[in-house]
Amino acid sequence: MAHNGNRRWIRGFTAAIAIASMAHTAGAAESLQDVMKRRQLTQEDLMAAAKTYVPSGKRDEFLAFSSGGQSGQVIVYGIPSMRILKYIAVFTPEPWQAYGYDEESKAVLNQGRMNGRDITWGDTHHPALSETNGDYDGQFLFINDKANPRIAVIDLRDFETKQIVVNPVFQSEHGGAFVSQNTDWIMEAVQYAAPLGGSYAPLEEFNDKYRGGVTYWKFDRTRGRIDPSGSFAVELPPYSQDLSDFGKLGSDGWSFTNSFCSERYVGGIERGRPPFEAGCSAKDTDYLHVVNWRKAAELVAAGRAKKVNGFSVLMMDVSAAEGVVYLVPEPKSPHGVDVTPDGKYITVSGKLDTHTWVYSFEKIQAAIAAKKFTGKDDYGLPIIALEDALHTQVPLGLGPLHTQYDSRPGIAYTSLYVDSMVAKWDYVNGKLIDRIPVHYNIGHIMAMHGDTVKPRGKYVVALNKLAIDRFNPVGPLHPQNHQLIDVSNDKMQMLYDMPVPLGEPHYVVAIDATLLKPIIRYPAGTNSRTDEISPGKTRPGEEKIVKEGKKVTVFGTEIRSHITPEIIEVDQGDEITIHLTNLERAEDQTHGFTIGKYNVNGSLEPGKTATFKFTADQPGVFPYYCTEFCSALHLEMQGYLLVKPTGYKPTAVTAKAGTQYTQADYEKQIQQNADTQKVIDEVVAYVTARPYKNDPMVSSLMDDATDQLGKVPEAKQKAEAAAAAGNWSDAMLWANQVYQYQVKAADIGLRAKTRLDQTGATPGN
Ligand code: RUQ
Ligand code: CUA
């Protein structure tokens, strides 16, 4: 049977070579008018389609990294196509990536444990891309978990989560992650005040014992990890801090954090008191916190901080005495605070004010230098008068929230939550320019590089909180709606509705796709979560099973199309550790791994080593296999875990391996191998006649094909030795293995040839 299949395959392969060279002929087509009529499309629809459509095989101009809200993940999609490309597993186990299944990723998730408890989800809010000189550099992504105060570090070389840090001082957070202009610091501001370090105090002591604050995490760029020992927090009054932003260029060294309940209201609806929503929006203004974080860092380094749970905290008395924190009145129930690309202004929007307020950094600095304050708050922090800080107030509409910036100087986009609109306006001259409706209740807004020193313009994405009637109904829980808006002309144009079916995406950042340079393969044997070579790394030919008492350690490999070892025999109760290394080097050649009923699940990208641990407490026969459809013989990528019951006594049995083969079978196989080699030679001649080394993809495919062919001599030698001994079954099977290597080499070679044809490579150098 295998023989027939093989013959069919080689015929098909030869045909494929012929077909690949044939030109396509076009069939009779519908006209554009016909399609417009049939699908009831307007001219404007066509224009929007033309602006967003990315033809098959082409790529997007920008890549967006969206928070995945309650999923605890990050969503990656392309702009302008709005095609989802990836979910990055961050705070929540995710089987497709085996995140939370192999020991390496479990170690990352375990960093996020709190008070000895697994936290298996996150409420991701604000992704931040790493910056160099204030612009995105494509190296790292950070995201916060609002529910459980944590920050995660994702490396954009492989789009994997490398680190989770738990905030040891605060009980909640919201205003993070934001990065300083060279990504040496990551900011995370508290939301709901609580006693520092997680201790208890009754609400009656709210003013004295409850505190807000901002954490500045030190980021070690060379290691690509946050360094908690070099990090610190600045204690702030219990004003319910909210969003934050770092200064840039001239305002670098300073940061800005809103607060929405400077009333310090403590609620108690069930005790007959008015609820939080009334008590926290009673005053006309709240406070913008202006923090000299560079000075704070110096004071911490000089030993002026207190330790809370071993973490450095700069207390308010020091901040007040040394001029670290200043307060400025800001609009009622403020939400977003966003520093302009030139670093000169800070825009603040308040949900209950129709204006967006623009503060001047220069004016704030002048007031500080002149020590011109209207007084101090209850905690001794100096207050700067509004008129000494304000540049202008611009009426934009109802419920302004967040602001992003355009490539054209002075132009900003602000989301209007209550109006469900986007406003385009001029923050220097204080003018509203244009408004466009969105559906419904926009939260964040995002422009390309829109929070950097160098915004790219072109598109804006509206992150709408509700979808309501926009999409086909899928039950009472609707998707969210990201809407793409063209801002390259004077009037904004709505282009596309994109349903997001994975949590409420709070904020998105988008980067010029050419700045991202992800890897294709890991150095062989890499633990992708530590970026170090795994002790479980296994080279081809060095696979082994080591048994020491009850501990069984497997050093295994995966490559098209077999798992080595194929049989793992253990005793009931043994503690099993399986290290698997994917030996592939070809692009996208991932293998999976699972052992049924033992909750073992792996995803091994080329070069990766992953480790699986479990106790073989259930006796029986457990097939294992590769879970990625990786090759024509993917189904054969299998094996058996045999768990012998305690006290099992083997009875004498002679192994009998299915079909027996004859000398004729062996010779037929030899002939087929020779035919296949001819096809391979043809492809090799075709490829090497062209400048294939100029194309990294083709050249890596050719390396991979050479690898497969490199295994032929050993299998061939085994076949010949078995034939010499008259063992025709083994001879035939080893000869067939030669054929398997040839088929894979030919398959890869054909992909190389197709690629060369597509790129129009012609013979010559
Ligand atoms: S917040 S909708 Cu969590 Cu960023 Cu403003
Ligand atoms: Cu490897 Cu399927």
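Which residue in β30 is the bridge partner of methionine 446? Keep that in mind as you go through these notes, and remember that you are looking at a predicted model.

1. **The strand in the middle of the question.** The bridge partner of methionine 446 in β30 is valine 461. Methionine 446 falls within strand β29, which covers residues 442-448. β29 and β30 run antiparallel, and five bridges join them.

2. **The other neighbour of β30.** Now follow valine 461 the other way: it stands opposite leucine 484 in β31. Strand β31 takes in residues 480-486, and it pairs with β30 in the antiparallel sense over six bridges. So valine 461 has methionine 446 as a bridge partner and leucine 484 opposite it in β31. While you have these strands on screen, recall that side chains in a regular strand alternate between the two faces of the sheet.

3. **How hidden is β30?** Strand β30 is made of residues 457-464, and seven of its eight residues are buried, so the rest of the structure largely encloses it.

4. **Around the ligand.** Have a look at ligand 1 next. Its surrounding residues are His125, His126, His174, Leu243, His335, His402, Gly443, His444, Lys465 and His506. Sorted by class, that shell has eight polar residues, one nonpolar and one charged.

5. **Salt bridges, starting with a buried pair.** Side chains of opposite charge can pair when their charged atoms come close. Here the count comes to 44 salt bridges. One of them joins arginine 211 and glutamate 235, with the closest N and O atoms 2.9 Å apart. Arginine 211 sits in strand β11 (residues 210-220) and glutamate 235 in strand β12 (residues 225-236), so this pair ties together parts that are 24 residues apart in sequence. Are the two partners buried or exposed? Arginine 211 and glutamate 235 are both buried.

6. **A pair in the loops.** Arginine 560 and glutamate 584 also meet through their side chains in a salt bridge, at 2.5 Å from N to O. This one links distant parts of the chain, 24 residues apart: arginine 560 is in the loop between β37 and β38, while glutamate 584 is in the loop between β40 and β41. Both of these residues, arginine 560 and glutamate 584, are buried.

7. **A pair inside one helix.** For another kind of setting, try lysine 718 and glutamate 714, whose closest N and O atoms are 3.2 Å apart in a salt bridge. Both lie in helix α12 (residues 712-724), four residues apart, which is about one turn of the helix. Lysine 718 is partly exposed, with a relative accessible area of 34%.

8. **A network.** Some charged residues are linked beyond a simple pair: Asp155, Arg157, Asp158, Lys162, Arg225 and Asp531 belong to a network of salt bridges.

9. **The cysteines.** How many disulfides does a search of the whole structure find? It finds one, and it joins cysteine 261 to cysteine 280 with an S to S distance of 2.2 Å. The link is left-handed, with -80 degrees about the S-S bond. Cysteine 261 is in the loop between β14 and α6, and cysteine 280 in the loop between α6 and β15, so the pair ties together parts 19 residues apart in sequence. Cysteine 261 and cysteine 280 are both buried. Two other cysteines to check: cysteine 626 counts as buried because its relative accessibility is 1%, and cysteine 630 is buried with a relative accessible area of 10%.

Technical notes:
Residues are numbered from 1 along each chain as its sequence is written. Chains are lettered from A and ligands numbered from 1 in the order in which they are written. This is a predicted model: local features need pLDDT of at least 70, side-chain atom pairs count only at pLDDT 80 or more; totals for chains, interfaces and linings use all residues. Side-chain values use heavy atoms; hydrogens and water are left out. A residue is near a molecule or strand if one of its heavy atoms lies within 4 Å of it. Ala, Val, Leu, Ile, Met, Phe, Trp, Tyr, Cys and Pro count as nonpolar, Asp, Glu, Lys and Arg as charged, and the others, Gly among them, as polar. Buried means under 20% relative accessible area, exposed over 50%, partly exposed in between (1.4 Å probe, protein chains only). Helices (H or I, at least four residues) and strands (E, at least two) are DSSP runs, numbered from the N terminus. Two strands pair if DSSP finds at least two bridges between them. A salt bridge is a side-chain nitrogen of Lys or Arg within 4 Å of a carboxyl oxygen of Asp or Glu. A disulfide is a pair of cysteine sulfur atoms within 2.5 Å.
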